[in-house]
Each structure stands twice: as C-alpha cells, then as structure tokens.
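Colleague: Could you take me on a close look at the sheet in this protein, strand by strand, with a few of the residues in the loops beside it? I would be glad of one connected account.

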Amino acid sequence: MSRTAVSIGEAMIEMSGGEDRTYRQGFAGDTLNTAYYLNALLDADWRVRYATAVGDDLYSRQMVEFIGQTGIDTGAIRTIKGKRAGLYMIHQADGDRHFTYWRDTSAAKLLADDATALEAALEDAELIYFSGITLAILAPEARERLVAAVGARRTAGAMVAFDPNVRPALWADNQSVVHALTEAAKVSSIVLPTHADEVPYFGDADDEATARRYLAAGCEEVVVKNGADPALVVTGEGEWRVGARKVASVVDATGAGDSFNGGYLAARLGGASPEHAARAGHATASVVIGHHGALIPKEALGKAG
C-alpha cells in the first residue's frame, strides 16, 4: 500500500527567455518544485500528490497534464470555472533574473475555499508541505481554513513541513506576514526558513534567533537556510551547521531552496537524521543549480548521492 505526501500551493505558467522577444513556456511554482523533487527522490512506495486549483482554460489543462506526466498525483487539483492559471515572465537585466507576475484571476487563490475538498486532499497524507506563498495568495478566511486543516492532520500524526518563503509583494503589510507565518509554524513539525527573508519582519539578530523563534512557536525541527553558507539545523536534541556542497559554477539558482526542501524531506521520510537530511538537501540543490530551470531531468539527480 502506497504512502502519501501532499504539497499544497500555486503552480503557474512560466514564460522564460525573452531574447528577441521570444519566450519559452513552462510550468513552475515553489510548492510544485518541491513536490517534483520529493517525487523524484522518495522510494517507490510513496505517492506525491499536488493540491491546488486551476482554471478551465487551455493552459490550465496543459498544466495539469504536465504535472501528471512528471509522476505526481493530480487527483487533488480542482478546476474553477471562469478562472485562469497565474502567469509570470522572466527577463534578464543587470546580470540577474527579474520576474513580472499576473495573478489577479489565478484559480489557485481559491484552493482552500472548498473545505470538503481540502479535507479530502489531505486525509491520507503522512507528509503535508506548504509555503508562505501558499498562504499569501489566499483570502484571510481561506488562509485560516487551510492552517486549521493542516493542524488537524498534524494532530492526527502527519508530518507537516512549512517554508515561510516570504514574497513581500504578495502581502498587505508586515503585520500580516508575522501573524501568518507564526500561525503556520504552530501547526508545523518542520519549518524551513531562509534567514535573510526573515530579518525585515522579525528582526532576528542571527540564524540562531530565527531557529529559536520557530521552535518557540511550536514546531519540532527548524532548518535555517543561508544560501551558500552552512544551513543551521536545530531540534530539541541538538543543533548542527551543515555546509553546502562546492559547485564549479552556478548556472541557474532558480529552485535552489525548493530542491533543498525536497531533498531534505525525502531523506527525513526515508529515516535520515536531521543533520544527514540537510546534507541530502544540499546535495540535491547543488545539482539543480548546475542546470537551467527549476525542474531538471530526474536522471541528473543521480549525481546528488
């Protein structure tokens, strides 16, 4: 009998490239990226399900087909009549990637509006993963509904993992960010923040302060990511600093944090300690940043061992 991991969030249409005004269409999103790497790295007895909402347009249908083709279970993807999938475009400027988003009619903003469907999507999950972006796109009532549903599953024994993944443009004000992330941490087993993202909202003096704050909120395990610097792993049993793998060159940093999360959670579900799981997360990310795009061929992940 298969075991189930569920990732909840927003998948979007991606238009990348831009050279001579020519773009390449794809699909991506932080929670979808992590689901992809979880699915690639977990043992065959695991099933990874993606929970979201899409529109009834051509591109939404193509998105669902794409997700299914990766091997991810699409049974918890709801179709919302009259809505569309969100869209973003990537362009290069000043040696870096810049993003422009169109989200106003995104069906994913309604992913938690149907309480019955939400409960059904999560009912057999042994792992639930969601992010600050998942929360940010929802109306306040839907946000509370999602957090409550996730909390109920944690109480029932599921592992719950949360990446705060703060995107300032998605939030009305700093107070909303602080409240939402703290409430999410209360229902989570594992929190995977990025220290630099947290400082503007919580004023953490260092990564240890970030970890202590999330532990105090009620989670059991915190992995504070620090880019190329060592990640800080803290649990009730101890703390470890785990260095990132050295890479010859960074081709594309898109999805680095998402792939780290996928590698970390897959290792934890496979029985690895938090310290060794962080090494697995770094190993996964080190391969991903050596390729273009957030989702690299699964065969390439063999190099992450």
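Modeller: Happy to; what follows starts with the whole protein and then goes through the sheet.

A word on the basis first. This is a predicted model, in which local features need pLDDT of at least 70 and side-chain atom pairs count only at pLDDT 80 or more, while totals for chains, interfaces and linings use all residues. Residues are numbered from 1 along each chain as its sequence is written, and side-chain values use heavy atoms, with hydrogens and water left out.

The protein has 10 helices and 13 strands; these are DSSP runs, numbered from the N terminus, with helices being H or I of at least four residues and strands E of at least two. Its radius of gyration is 18 Å, which agrees with the value near 19 Å for a compact globule of 305 residues. That radius is taken over C-alpha atoms, and the globule rule is 2.2 Å times the number of residues to the power 0.38. Along the principal axes, the C-alpha atoms fill a box of roughly 50 × 45 × 45 Å. Of the 305 residues, 51% are buried, where buried means under 20% relative accessible area, exposed means over 50%, and partly exposed lies in between (1.4 Å probe, protein chains only). Among contacts between residues at least 6 apart in sequence, 70% join residues at least 24 apart; a contact here means heavy atoms within 4.5 Å.

Now to your sheet. It is an open sheet of 9 strands in the order β5-β4-β1-β8-β9-β10-β11-β12-β13, with mixed pairing. β5 and β13 stand at the edges, each with a single partner strand, so one side of each is left without a neighbour in the sheet. Two strands are said to pair if DSSP finds at least two bridges between them. In general, strands of a sheet pair through backbone hydrogen bonds, either parallel or antiparallel.

Let us begin at the β5 edge. Strand β4 (residues 46–54) pairs with β5 in the parallel sense, over 3 bridges, and V54 stands opposite T79 in β5. Just ahead of this edge strand, the loop between α2 (58–69) and β5 (77–79) holds T70. T70 is buried, its relative accessible area being 11%. Apart from neighbours within four places in sequence, T70 is in contact with Y36, N39 and K298.

Further along the order we reach β8, β9 and β10. Strand β8 (residues 125–131) pairs with β9 in the parallel sense through 5 bridges, and S131 has D163 in β9 as its bridge partner. β9 is also joined to strand β10 (residues 190–191), again running parallel, by 2 bridges; here F162 stands opposite V191 in β10. β9 is mostly covered, with 4 of its 5 residues buried.

The loop between β9 (159–163) and α6 (174–186) contains N165, a residue worth pausing on. N165 has a positive phi of about 35° although it is not a glycine. At 10% relative accessibility, N165 counts as buried.

For a contrast, look at a helix. E119 lies in helix α3 (residues 115–122), and E119 is exposed, with a relative accessible area of 56%. E119 and A149 are 30 residues apart along the chain, and their C-alpha atoms are separated by 6.6 Å.

Finally, the β13 edge. Strand β12 (residues 229–235) and strand β13 (residues 238–242) run antiparallel and are joined by 5 bridges. The two form a hairpin with 2 residues between them, and L232 stands opposite R241 in β13. After the hairpin, G243 sits in the loop between β13 and α9 (256–269). G243 counts as partly exposed, at 38% relative accessibility. Not counting residues up to four places away in sequence, G243 touches P230 and H282. G243 and A278, 35 residues apart in sequence, are 8.7 Å apart in space, C-alpha to C-alpha.

To step back to the edges once more: one is β5, paired with β4 in the parallel sense, and the other is β13, which runs antiparallel to β12.
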